[in-house]
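Biologist: Before planning bench work, I should like to go through this structure by question and answer. Please keep each reply to the reasoning and the result.

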Amino acid sequence: MAKIKETILELKHVSFSYGTVPAIDNVTFSVEKGDFVGMIGPNGSGKTTLVKLVLGLLKPENGTIKLFGKDINEFKDWNRIGYVPQKATGFDQNFPATVFEAASMGRFAKAGLAKQLSKADYTAIEKALEVVGMLKLRERRIGELSGGQQQRVFIARAFAAEPELLILDEPTVGVDAEAQHEFYSLLKQLNEKFGLTLILISHDIGMVSKKVNKLACVNIAVTMHDISKGINKADLHCAYSTGMELVPHHHGQVPA
Ligand code: ADP
Ligand code: MG
């Protein structure tokens, strides 16, 4: 029998509305340790709302959310969760922080701002920059980097805090196709090498479906599809019914 994996995130019958309009309705799904979940759905389908609920920034009207087995209302270990928000790039040329400084913010979040960085902090920051391929550019100003490089720094910042679950909200918006491809490969590497559990919100189902093991189709409701053994008709239907277009990719085809 397969080993039972630790449940990292569990939603049961979660609903939320802004005013009277439901944004999320009766959503139930779970994420296990080591999962790489791709979350897809059209604009306004509730993806960011769902993430805000999971991060405790919004409170569900109905239903329950558990993080690492604990009810979200009692959960305190927020440093186990990393978050890269939408639009995390686009700094101007004069933005003062260097790559190293930006990545070190991930450790301050863990250690507290008043604290000095310890040797362990430095090691974790350097490792994170190394993993994303930005260690050589550690003294470069953030504003002088390309969009793709800025994203890598944001990943490093989140990764330096050594989270067990990392949530990324449309991290590749405004980044060219080549950088996107590299970026998804990097995430896959973090998932496989370090066992990092990932939830990635993306528009690019063609790319995402090649990297993830679960596909969450969001359209106020959520359906979860295990695609670790390939994509079947129901999964494709999920993609289509969320209004996504399946565009063949240069890097290969979506498995049928
Ligand atoms: P997505 O991330 O999938 O694009 P969102 O979760 O941002 O979708 O939004 C879901 C729905 O909730 C949309 O109809 C959006 O207009 C609405 N919405 C989002 N944020 C707010 C808000 N702060 N106040 C009112 N309505 C909102
Ligand atoms: Mg959004």
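Biologist: Is strand E9 largely enclosed by the rest of the structure or largely open?

Modeller: This is a predicted model, and strand E9 covers residues 214–219 in it. A residue is called buried when its relative accessible area is under 20%. Of the 6 residues of E9, 5 are buried, so the strand is largely enclosed.

Biologist: Which residue in E10 is the bridge partner of lysine 214?

Modeller: E9 is joined to strand E10 (residues 221–226) by 6 bridges, and the two run antiparallel. E9 is also joined to strand E3 (residues 36–40), here by 4 bridges and in parallel; in that pairing lysine 214 stands opposite valine 37. In E10, the partner of lysine 214 is aspartate 226.

Biologist: Which residue takes a positive phi in the hairpin of E9 and E10?

Modeller: The hairpin has 1 residue between its strands. A phi near 65° is found there, and the residue that takes it is isoleucine 220.

Biologist: In what order do the 4 strands of the open sheet lie?

Modeller: The edge strands, each pairing on one side only, are E2 (21–32) and E5 (70–71). Strand E1 (residues 7–18) and strand E4 (residues 62–67) pair over 5 bridges in the antiparallel sense, and glutamate 10 has lysine 66 as its bridge partner in E4. The pairing in the sheet is antiparallel, and the order is E2-E1-E4-E5.

Biologist: What angle does the direction of helix H1 make with that of E1?

Modeller: Helix H1 comprises residues 47–54 and packs on the sheet. It touches E1, E2 and E4, and its direction makes with that of E1 an angle of about 120°.

Biologist: Which element gives the most residues to the lining of the second largest pocket?

Modeller: This pocket holds about 190 Å³ of space and is lined by 14 residues, of which Gly44, Ser45, Gly46, Lys47 and Thr48 lie nearest its centre. The elements giving two or more residues to the lining are E2 and H1. With 4 residues, the element that gives the most is H1.

Biologist: Which element gives the most to the largest nonpolar core?

Modeller: In soluble globular proteins, nonpolar side chains tend to be buried together. The largest such core here has 45 residues, and those with the most contacts inside it are Leu129, Met134, Ile155, Leu168 and Leu187. With 7 residues, the element that gives the most to this core is H4.

Biologist: Which residues does leucine 129 touch, not counting those up to four places away in sequence?

Modeller: Leucine 129 is among the residues with the most contacts inside the largest core. With residues up to four places away in sequence left out, the residues touched by leucine 129 are Val99, Phe100, Ala103, Met134, Leu135, Arg138 and Ala156.

Biologist: How many residues has the other core, which lies apart from the largest one?

Modeller: Among the members of this other core are Phe29, Val54, Leu55 and Val218. It lies apart from the largest core, and its size is 31 residues.

Biologist: Is glutamate 162 buried, partly exposed or exposed?

Modeller: Glutamate 162 lies in the loop between helix H4 (147–160) and strand E7 (165–169), and its phi is positive, near 55°. Partly exposed residues fall between the 20% limit for buried and the 50% limit for exposed. The relative accessible area of glutamate 162 is 46%, so this residue is partly exposed.

Definitions and conventions:
Residues numbered from 1 in each chain as written. Chains lettered and ligands numbered in written order. Predicted model: local features only at pLDDT ≥ 70, side-chain atom pairs only at ≥ 80, totals over all residues. Heavy atoms only, no water. Pairing = 2+ DSSP bridges. Contact = heavy atoms within 4.5 Å. Axes fitted to C-alpha atoms, helices over the stretch in contact; angles between N-to-C directions. Buried < 20%, exposed > 50% of the residue type's maximum accessible area, 1.4 Å probe, protein only. Core = buried A, V, L, I, M, F, W, Y, C linked by side-chain atoms within 4.5 Å. 1 Å grid on protein atoms, 1.4 Å probe; cavity = no way out; pocket = protein on both sides within 12 Å on 5 of 7 lines; lining within 4 Å. Points joined across faces, edges and corners; volume = space filled by probe spheres on them.
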